[in-house]
Structures are given as structure tokens and as C-alpha cells.
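The exercises below concern open and enclosed spaces and the contacts between parts of a protein. Each task is followed by a solution that goes step by step.

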Amino acid sequence: MRIEVKELGFVYSPKSPFEKVALDDITFTVNEGDTLGIVGSTGSGKSTLCRHFNALIRVQRGEITVGEIRLHAKKVDLKTLRKNVGMLFQFPEYQLFADTVKKDVEFGPLNFGFSAEEADAAAREALELVGLDFDEVASKSPFELSGGQMRRAAIAGVLASRPSVLVLDEPTAGLDPRGKREILELVTALKAGVTGTVIIISHNMDEIAEFCNRVVVLENGKLLADTTPDELFNRSDIVERTELDYPHTVKIKRLLAEKGVFIDSSALNADELSAAIAGRFKA
Amino acid sequence: MKDISLGQFYPADSFTHKMDPRAKLVLVVAFIVMAFLAKNFLSYFAVMLCVISATLVSRIPILKVLKSIKAIIFILIFTGILNLLFYNGETVLWSWWQIKITVEGIIFSLKMVLRLVLLVMGTTLLTYTTTPTAITDGMESLMHPLKYIKVPVHDIAVIMSIALRFIPIISEEVDKIMMAQKARGAAFDNGGLLKRAKALLPVLIPLFVSAFRRADELALALDARCYNATPNRTRYKQMKFSLRDVLGVLGTAAFIVLVVALNNNFWGAYEPVASVWWLFSV
């Protein structure tokens with residue numbers, strides 16, 4: 001699904017002493033099949049922007065079109081929109097509520113009008129997708145699960161509705177390195193099958209570098225750059241101005257260059273870079 | 001939900017904002033007494049004048065203060081109508097069965113409504129100009145003498161300030177959880193009462209879970225920093241009684257004197273025009 005954002009603006013608590021401009025004149029497009037990273041420092045408007053995509057925040061100024069749905073119209077078909085745009089919040093495990101994992105995962109599908117059998121099948125599929133054993137966890141209380149399992153169950157709760165766009169707000173926050181890896185690999189696997197378009201908010205540039213084909217940089221509610229990770233990490237002015245970090249691959253390439261070893265590769269993930277380095281020394 | 005203005009502090013740089021919270025608390029009590037002292041319309045006008053001048057020195061838009069009345073609109077209507085219908089007056093205008101509307105009843109219910117409006121407006125000024133923390137600190141300091149009869153004043157104050165501190169956090173949490181469930185297709189604003197109540201379960205359960213988690217973490221954090229309420233604690237923000245507070249007290253005292261004077265018609269000031277201003281003497 002294509003998402004078009006045009007001149008979007010948003011102000012919190014307008015006309016009060018607490019007034020705060022969160023978004024200002026944002027225009028960009030997310031194409032079908034993109035994995036888009038949204039980066040920027042805390043308070044730059046990333047979450048506010050993302051909450052627009054499934055109308056959790058209504059458009060104040062500007063336009064957003066998701067697929068065929070115009071979010072700036074007076075009436076928006078929220079059910080269809082939210083079924084199609086799945087959103088995973090930060091620390092999603094804190095939203096689990098039902099008495100069994102299965103009921104929790106089925107909550108979305110049932111709300112979106114799946115029949116009982118369809119919801120059951122969707123829950124089974126989603127739980128297996130996130131790597132939980134359906135027969136083992138389905139009848140457990142979500143509060144009996146371990147932290148990592150809870151997050152997976154919560155992700156399954158979003159995936160079960162089979163969204164065609166998936167919005168992830170810092171999906172790996174608070175996980176150990178292995179947990180992070182697993183979540184991101186899950187996202188990659190999802191892209192191959194279930195969801196066509198993925199939008200990730202992240203502070204971790206390694207994730208952005210490795211998984212995103214496009215990246216949007218926000219600063220104080222303004223769109224600073226709409227580019228590819230490769231180009232972004234070559235623009236030191238933007239990276240330093242917004243206090244973003246470089247991914248490790250870029251850092252390693254620079255350190256090598258300082259020692260006179262130039263790697264002629266735009267590789268941004270570990271495997272490709274190590275192959276490129278190995279190639280350089282073989283030659 | 002973001003606009004929830006509990007404690008409804010209104011930031012501004014004004015005379016009243018800078019006053020000592022203790023002085024403000026005492027003055028609010030004095031103000032309440034003043035509002036109850038007022039007998040005739042003229043003294044009510046003095047109370048109103050007091051509210052208006054306090055609002056002006058607080059630099060709070062008068063509309064904001066008037067808005068606070070919205071919260072008690074039903075109480076106002078209820079009080080007004082009850083007093084209007086059941087006041088035992090003499091000059092009957094209209095009567096039916098046990099109910100009669102009298103001139104005295106109209107005047108009395110007008111006064112009651114006016115009193116409530118003034119009370120609410122005056123007391124909201126306290127919460128508009130004083131942060132919840134400052135109010136708690138002020139209360140703790142004022143309740144200090146109760147320590148001698150073994151009232152755990154400090155503990156009460158800590159509980160109060162923690163509760164106040166957590167209101168915005170919990171309200172933000174409600175917001176977040178509601179959004180997350182909405183994203184999964186939950187609808188909170190349609191269906192009957194029972195359906196709506198049931199729809200809130202997916203919000204309430206995670207909310208309670210997280211509230212307990214937070215309470216646990218907070219207790220640990222307090223313990224980890226060896227928190228205890230020893231009597232020798234010092235404060236980061238010292239409260240100081242200043243000239244400003246003296247002025248505030250004097251101003252309020254002046255209004256109280258004015259109200260009492262007008263109540264008793266000390267100067268006979270409005271007698272010459274009593275025929276025109278008869279309303280004020282009733």
C-alpha cells in the first residue's frame with residue numbers, strides 16, 4: 001500500500017500555554033514494498049507522525065492518503081484503515097490484557113470482523129510466525145510468559161489482523177542483542193510474505209542501515225531528509241546536526257580508511273562488509 | 001486526553017504565582033469565610049470585586065476562570081431551582097400545592113447561586129496559580145503542629161504528592177494503551193452502557209498491571225536511596241513569607257472588612273439611594 005503525506009502539520013494543545021508544534025509541513029511518500037526508517041532525536045515528531053498513519057491522531061492540517069483511503073476526509077473508514085495499517089507501539093507487552101494468549105491475539109481479528117474460525121486460524125498463524133508454539137502458549141495467561149515471549153505475543157496480536165502496512169515504534173527497545181536480531185529477522189520474513197510495506201522508528205542506526213531501503217530524518221517536527229541509508233551516512237552534516245550515530249559498518253570503513261585501507265563498497269550490513277574487506281585483502 | 005488539566009496549573013509570571021503557597025492556602029480559607037459572611041447583594045458585589053481583582057493580579061484570562069463554573073453547572077441549576085421552589089417567603093408570586101415562588105425565594109436562590117459561583121471561581125485561582133507540589137508542601141507546613149498529636153504529617157504529604165505526581169503519568173498511560181487497543185480495532189465510543197464498560201476492560205487491565213509495576217519500582221527506588229521521613233529533612237525549595245504575602249493578606253483583610261461593613265451598613269452609605277438600590281439591601 002502506498003502512503004502519501006502532503007504538507008502535514010500538527011500542533012498539540014493549540015491556543016494554550018502548553019501549545020507545541022509537533023509536525024510542520026511534512027511531505028513524503030512511502031511506496032509499496034518499502035522498508036522505511038524514521039529517525040530523529042527524542043521529541044522530533046516521529047511517533048506523532050506514525051500515529052497519523054492509522055488515524056490514531058486525526059489530520060489537523062495537510063493531507064494523508066493510505067492506499068485508497070483519504071485520512072484528511074471528514075469521514076474515514078477506521079475499521080478498514082486500521083485492519084490494513086498495523087501498529088506496534090513501544091513496549092507492546094504492556095498492552096496484553098486477555099486471560100489467555102489466544103484470546104489476546106484474536107482481539108484484533110475479531111474486532112475487524114473475522115469469523116471465529118478465521119480468527120482462530122489467524123492467531124495460530126501469527127503465533128507460529130513470531131516463533132511461539134501455539135499449542136504450548138495458546139491457553140496460558142499472557143502474564144505467565146517471559147518478557148521476550150510477551151513481546152512476541154503482543155507482536156502476534158498485531159500481525160494476526162494481516163495488515164498490509166506495518167508500523168513499528170522502536171520494536172527492539174529494551175531487548176538483548178539476540179532478541180533484537182530475532183525481531184528484525186521476523187520483520188524481514190514478514191516482508192517476504194505477509195506485509196508489503198514496513199515503517200520502523202528506531203534510534204539504532206545499525207538496524208536502519210541493515211534493514212531499511214529508505215530513511216526519513218525528522219528534526220523538531222520538520223522533514224530534514226528523505227533519502228537512502230547509504231546516502232544519509234555520507235551526509236555528515238545531517239548526521240551530526242541531528243545527533244544521530246553512524247552504524248558500525250560505516251565506522252569500521254572510516255577507521256580502515258584512516259589507516260589507508262579504502263573499502264570500495266556501499267555495504268551497510270556486517271556480512272557484506274566483511275566479505276568486501278576479505279575481498280580487498282585477497283586481491 | 002493530553003489536555004487533561006488536573007491540578008489545572010496555569011503557568012504565568014504574576015504576583016499570585018510568586019506568593020507563598022501557605023499564604024495562598026490561608027487566604028483561600030479566608031476567602032471562603034468571606035463568601036459565607038456576605039449577606040446582601042452589595043456585599044456579594046464586594047466578594048465579586050475581590051475575585052476579579054485576584055484574577056487580574058494573577059494574570060489569568062478571566063474566561064479561564066469562568067470556565068471552572070462549567071464543572072458545577074448541574075449543582076448550580078439544582079440549588080437554584082430547589083431554593084426557588086421551597087424557600088419559605090412571604091410575597092407569593094405564584095403557588096401550586098406545596099410549591100410557591102416568592103420574591104424572597106427568588107432573591108435567596110440568586111444569592112445561593114452567586115455564592116457558589118464566587119466560591120468556585122475564587123478557589124480555582126489557587127489551583128491555577130499554584131503547582132500541586134507547592135500546594136502539598138504548603139499543606140505539610142501548615143499541618144506541622146499536628147505532629148505533636150502524633151499525626152504522620154510528612155507521610156501524608158508524601159503520599160499526596162506521589163498521588164498527584166502520578167496523575168499525569170497514568171493519564172498518559174491510559175492514552176497510550178487506548179491507542180494501542182484502538183489500533184487493534186477496539187471501539188470505545190459506540191454501543192450501550194454495558195458494551196462500553198466491557199470495551200474498557202482491555203484498557204483497565206493493562207493499566208492496573210502497570211500501576212502495580214510502577215508502585216513496586218517506586219518503592220524499590222525509594223528504598224535504594226535510603227528514603228525515610230526523618231524529622232531533619234531539608235528542602236530544595238524553601239518557602240519564604242515575603243512582602244508580597246503581607247500585601248495579599250492585607251488586601252484580603254480589606255475585602256473582609258468591606259463585606260462586613262456592607263452587611264451591617266456601617267456608614268449608611270447606600271441609604272439615601274435605597275429606593276433605587278433596594279435590591280442591594282435585601
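**Exercise 1.** From which domains of chain B does the lining of the largest pocket draw at least three residues each?

*Solution.* The model is a predicted one, and the domain bounds used here come from an automatic or database assignment. Step one is to divide chain B, which gives domain 1 (7–130 + 242–282) and domain 2 (136–238). Step two is to look at the lining of the largest pocket, which takes at least three residues from each of domain 1 and domain 2 of chain B.

**Exercise 2.** Describe the largest pocket by its volume, its lining residues and the elements that supply them.

*Solution.* Begin with the volume, since the largest pocket holds about 1,300 Å³ of space. Among the 44 residues that line this pocket, those closest to its centre are Thr133(B), Asp137(B), Glu140(B), Arg233(B) and Arg235(B). Next, the elements that give two or more residues to the lining are, in chain B, helix H1 (21–37), helix H6 (132–142), helix H7 (153–183) and helix H9 (201–224). Of the contributing elements, H7(B) gives the most, with 7 residues. Finally, sorting the lining by class yields 17 nonpolar, 13 polar and 14 charged residues.

**Exercise 3.** Characterise the contact between the two domains of chain B.

*Solution.* Taken over C-alpha atoms, the centres of domain 1 and domain 2 of chain B are separated by 34 Å. With contact meaning heavy atoms within 4.5 Å, 4 residues of domain 1 of chain B touch 4 residues of domain 2 of chain B. The area buried between these domains of chain B is about 330 Å², and carbon and sulfur atoms give 85% of that area. A search for salt bridges between domain 1 and domain 2 of chain B returns a count of 0.

**Exercise 4.** Carry out the corresponding analysis for chain A and chain B.

*Solution.* Start from the contacts, in which 23 residues of chain A meet 19 residues of chain B. Together the chains bury about 2,000 Å², with 66% of it on carbon and sulfur atoms. On the chain A side, Tyr94(A), Phe97(A) and Phe107(A) lose the most area to chain B, and together they account for 26% of what that side buries. The count of salt bridges between chain A and chain B is 1, and Asp104(A) forms a salt bridge with Arg184(B), in which the closest N and O atoms are 3.0 Å apart.

**Exercise 5.** Which residues line the largest cavity?

*Solution.* The structure holds 5 cavities of 30 Å³ or more, and the largest has a volume of about 60 Å³. Its lining from chain A comprises Met87(A), Pro92(A), Gln95(A), Leu96(A), Asp104(A), Ala154(A), Gly157(A) and Val158(A), while Ala180(B) and Arg184(B) line it from chain B. Helix H6 (residues 147–159) of chain A supplies the largest share of this lining, 3 residues. By class, the lining of the largest cavity divides into 6 nonpolar, 2 polar and 2 charged residues.

How values were computed
Residues are numbered from 1 along each chain as its sequence is written. Chains are lettered from A and ligands numbered from 1 in the order in which they are written. This is a predicted model: local features need pLDDT of at least 70, side-chain atom pairs count only at pLDDT 80 or more; totals for chains, interfaces and linings use all residues. Side-chain values use heavy atoms; hydrogens and water are left out. On a 1 Å grid over the protein atoms alone, a cavity is a set of points where a 1.4 Å probe fits but cannot get out, and a pocket is an open set with protein on both sides within 12 Å along at least five of seven lines; lining residues have an atom within 4 Å of a point. Grid points are joined across faces, edges and corners, and a volume is the space filled by probe spheres set on the points. Helices (H or I, at least four residues) and strands (E, at least two) are DSSP runs, numbered from the N terminus. Ala, Val, Leu, Ile, Met, Phe, Trp, Tyr, Cys and Pro count as nonpolar, Asp, Glu, Lys and Arg as charged, and the others, Gly among them, as polar. Buried area is the accessible area (1.4 Å probe) that two parts lose on being put together, summed over both. A salt bridge is a side-chain nitrogen of Lys or Arg within 4 Å of a carboxyl oxygen of Asp or Glu.
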